[in-house]
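Work through the exercises below with the model open. Try each task before reading its solution.

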Amino acid sequence: MKALIVDDEKEICMLLAYQLGKLGITSSKAHTISDGLESFDPQEHELVFLDINLPDGNGLDIIPMLKTKSPNIKIIVISAYDTKDEHRKAYELGIFQFLGKPFSKKMVAEIVESI
């Protein structure tokens with residue numbers, strides 16, 4: 001299984017990639033929406049960890065594009081903006097899970113195990 005991590009915080013990307021690696025999941029990283037769209041390979045990526053607040057826009061805006069390229073993609077939104085409104089918007093767009101920041105190894109493992 002391979003994941004794409006789209007987050008502008010390089011430390012979050014490294015931490016999440018490390019945690020996923022411990023769970024047997026390889027990952028690639030992108031730090032902007034445009035890099036994320038360019039890096040996404042529907043034949044390769046089964047998971048996308050997607051931040052909402054990115055330098056070039058709102059991560060939620062690319063969910064329909066990702067879903068068009070890969071209807072069964074599991075998208076996990078990761079955000080410090082952990083509000084009911086953000087949850088509602090994300091789930092309406094068809095995400096798999098919402099992971100609030102800060103998150104723990106256990107939370108990541110539970111999400112991966114549920115897939």
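Three exercises follow, on fold, overall form and one residue.

The model is predicted: local features need pLDDT of at least 70, side-chain atom pairs count only at pLDDT 80 or more, and totals for chains, interfaces and linings use all residues. Numbering runs from 1 along each chain as its sequence is written, and side-chain values use heavy atoms, without hydrogens and water.

**Exercise 1.** Determine the secondary structure of the chain and its order.

Solution. Take helices as DSSP runs of H or I with at least four residues, and strands as E runs of at least two, numbered from the N terminus. The chain then has five helices and seven strands. Next, read along the sequence: the pattern is β-α-β-α-β-β-β-α-β-α-β-α.

**Exercise 2.** Test the chain against the globule rule.

Solution. The rule is 2.2 Å times the number of residues to the power 0.38, with the radius of gyration taken over C-alpha atoms. For 115 residues, a compact globule would come near 13 Å. The chain has 13 Å, so the two agree. Now take the spans: the C-alpha trace covers about 30 × 30 × 25 Å along its principal axes.

**Exercise 3.** Place Ser79: which element holds it, and is it buried or exposed?

Solution. Ser79 lies in strand E6, residues 74-79. Its relative accessible area is 0%. Buried means under 20% (1.4 Å probe, protein chains only), so Ser79 is buried. Of the 115 residues of the chain, 43% count as buried. Finally, list contacts (heavy atoms within 4.5 Å). Beyond its neighbours within four places in sequence, Ser79 touches Asp51, Ile52, Phe98, Leu99, Gly100 and Lys101.

Notes. Buried means under 20% relative accessible area, exposed over 50%, partly exposed in between (1.4 Å probe, protein chains only).
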